[in-house]
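Please take a moment with the sequence and the model before reading on. The paragraphs that follow go through a few places in turn, and each is best read with the structure in view.

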Amino acid sequence: MSEPMRITLSQLQTSIKGLLEDCFSEPLWVSAEIADLKINSSGHCYLELVEKDDNADGIARAQARGVIWRSNYLRIAGRFEAESGQKLQRGIVVLVRVTVNYHELYGLSLQITDIDPSYTLGDMELRKQQTIARLKSDGVWDMNRELRMPAVVQRIAVISSSTAAGFQDFCNELRSGGYAFSTVLFDSVMQGPASEDSVIESLERIAALQERFDAVAVLRGGGAVTDLNCFNSYRLASHIAQFPLPVITGIGHDKDVSVVDMVAHTPLKTPTAVAGWLNDRMAQIEGALEYAAVQLHDLFTGITRSHELRLERAANTLRSSAEAVFSLQSQRVAAAFEKLRDNAETAIETERNKLSALGQIVESRSPKQIMRLGFAVARIDGQAVRSAKGLHGGQTMTIELADGVIHTEIKENQ
């Protein structure tokens with residue numbers, strides 16, 4: 001068995017370099033995701049390009065260094081931003097035109113000479129559609145929209161950057177309505193690689209305090225299309241879709257609708273529009289309450305008037321009934337009085353006749369009348385004599401007759 005060929009490391013690197021230059025003598029179009037991007041002080045742009053495994057939740061399956069020399073960077077970056085509406089940055093998938101370089105000390109690198117903006121836009125749309133399909137497959141697509149928005153939305157958890165102009169616009173517009181809102185800011189990173197984790201962390205903090213709020217407002221001012229990347233991510237959209245409070249979005253991009261907008265309860269264009277919607281809702285509630293107050297007043301007035309009329313009719317009926325009863329009773333009293341008077345007169349006349357008869361009886365039995373019949377009254381010392389016992393001779397007796405008095409002396413008593 002022959003021994004392996006012995007060469008130096010530099011000879012090996014030189015051979016590899018020659019083989020690569022022979023195999024890739026012409027430029028290639030390569031698709032990859034920008035994992036990192038740095039611009040040094042000289043103006044050169046250095047990138048880390050990766051290809052991720054779709055079936056392994058984003059694990060890198062290939063990686064290479066890329067460079068855009070200063071002489072090309074401004075042209076390439078300017079054209080890409082103008083046509084795609086976004087800046088070159090981490091997290092986006094690009095189709096780059098490269099030449100393959102190999103250096104004995106620094107290894108493989110890709111020199112980027114052009115970038116196709118349309119490919120990035122197409123990849124973003126593809127990922128967006130994949131996210132939508134996955135959310136629907138999970139059964140969470142409509143969950144937040146199906147929540148009942150409270151009639152009065154006053155207590156609002158706000159996810160935004162405290163320094164963002166959009167947040168200040170929101171606050172100013174909200175104050176202009178003159179209603180008493182309670183807002184609590186959950187300061188978050190709203191663009192860039194850290195935005196997805198930052199917004200999800202704020203959502204989790206709000207969920208732990210959900211009884212304190214009526215709704216959540218996610219606010220971000222205007223920016224490049226790339227700034228919407230985190231709002232198209234599956235993780236963030238899934239959190240929004242399943243959030244226990246209604247979510248209102250004002251992400252601030254008129255040309256595109258993010259997946260977060262699609263799953264949110266109430267999507268609006270800008271932070272100012274969110275504040276205007278809240279003020280309009282309060283105005284509608286205020287108007288409804290005022291209308292209800294007018295209806296209640298009218299109803300109360302109608303009921304009061306109806307009862308007044310009923311009372312008036314009842315009073316009139318009662319008055320008429322009382323008058324009729326009074327008249328009837330008066331007639332009955334008058335008839336009773338007449339009857340009583342007649343009865344009294346009859347009784348008096350009867351008693352008068354009785355008295356007259358009794359008077360006649362008494363008169364017929366008076367001493368004088370009896371004396372006219374031949375009787376007399378004997379008296380001694382003014383006292384009537386009722387018995388002969390006790391009388392003796394010598395007593396003076398007065399005898400009263402019907403027509404006179406006789407004085408006599410008792411001779412003796414036998």
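Serine 109 touches Arg65, Thr99, Val100 and Asn101, when residues up to four places away in sequence are left out of the count. The model in view is a predicted one, and in it serine 109 is found in strand β5. Is serine 109 buried or exposed? With a relative accessible area of 15%, serine 109 is buried, because the limit for that class is set at under 20%.

Strand β5, which spans residues 107–116, also takes part in the lining of the second largest pocket, to which β1 (28–39), β2 (45–53), β3 (59–68), β4 (93–103) and β5 each supply at least two residues. The space in this pocket comes to about 240 Å³, and among the 16 residues that line the pocket, those closest to its centre are Val30, Ala62, Gln63, Ala64 and Leu110. Which strand gives the largest share of the lining? That strand is β1, from which four of the lining residues come. In kind, the lining residues of the second largest pocket divide into 13 nonpolar, two polar and one charged.

A further place to look at is glycine 221, which sits in the loop between β8 (215–219) and α6. Leaving aside residues up to four places away in sequence, glycine 221 touches Gly166, Ile251, Gly252 and Pro271. Glycine 221 can also be set beside threonine 272: the two are 51 residues apart in sequence, while the distance between them in space is 9.3 Å, taken from C-alpha to C-alpha.

The next topic is charge. Side chains of opposite charge can pair when their charged atoms come close. How many salt bridges does the model hold? The count comes to 14 salt bridges, and a few of them can be followed one by one. In one of these, the side chains of arginine 235 and aspartate 197 meet at 2.9 Å, N to O. Arginine 235 lies in helix α6 (residues 234–241) and aspartate 197 lies in helix α5 (residues 195–207), so this pair ties together parts that are 38 residues apart in sequence. Both ends of the pair are partly exposed: arginine 235 has a relative accessible area of 40%, and aspartate 197 has 46%.

Another salt bridge is formed by the side chains of arginine 305 and glutamate 308, at 3.3 Å, N to O. Here both residues lie in helix α8 (residues 271–364), and they are three residues apart, about one turn of the helix. Arginine 305 is partly exposed, with a relative accessible area of 40%, and glutamate 308, at 36%, also counts as partly exposed.

A further pair consists of arginine 379 and glutamate 400, whose side chains meet in a salt bridge at 2.5 Å, N to O. This pair links distant parts of the chain, since arginine 379 is in strand β11 (residues 377–380) and glutamate 400 is in strand β13, with their positions 21 residues apart in sequence. Arginine 379 counts as partly exposed at 29% relative accessibility, as does glutamate 400 at 22%. Elsewhere, salt bridges that share partners join Glu33, Lys52 and Arg127 into one network.

The strands that hold arginine 379 and glutamate 400 lead on to a sheet. Strands of a sheet pair through backbone hydrogen bonds, either parallel or antiparallel. In what order do the four strands of this open sheet follow one another? The order is β12-β11-β13-β14, and the pairing is antiparallel. The edge strands are β12 (383–384) and β14, each of which pairs on one side only.

Within this sheet, β11 and β13 pair in the antiparallel sense over three bridges, and arginine 379 has threonine 398 as its bridge partner in β13. Strand β13 (residues 396–401) also pairs with strand β14 (residues 404–409), again in the antiparallel sense, over six bridges. A hairpin of two residues joins β13 to β14, and across this pairing threonine 398 has histidine 407 as its bridge partner in β14. Threonine 398 can therefore be followed in both directions, to arginine 379 in one pairing and to histidine 407 in the other, where strands count as paired if at least two bridges are found between them.

Note on methods. Residues are numbered from 1 along each chain as its sequence is written. This is a predicted model: local features need pLDDT of at least 70, side-chain atom pairs count only at pLDDT 80 or more; totals for chains, interfaces and linings use all residues. Side-chain values use heavy atoms; hydrogens and water are left out. On a 1 Å grid over the protein atoms alone, a cavity is a set of points where a 1.4 Å probe fits but cannot get out, and a pocket is an open set with protein on both sides within 12 Å along at least five of seven lines; lining residues have an atom within 4 Å of a point. Grid points are joined across faces, edges and corners, and a volume is the space filled by probe spheres set on the points. Ala, Val, Leu, Ile, Met, Phe, Trp, Tyr, Cys and Pro count as nonpolar, Asp, Glu, Lys and Arg as charged, and the others, Gly among them, as polar. A salt bridge is a side-chain nitrogen of Lys or Arg within 4 Å of a carboxyl oxygen of Asp or Glu. Buried means under 20% relative accessible area, exposed over 50%, partly exposed in between (1.4 Å probe, protein chains only). Contact means heavy atoms within 4.5 Å.
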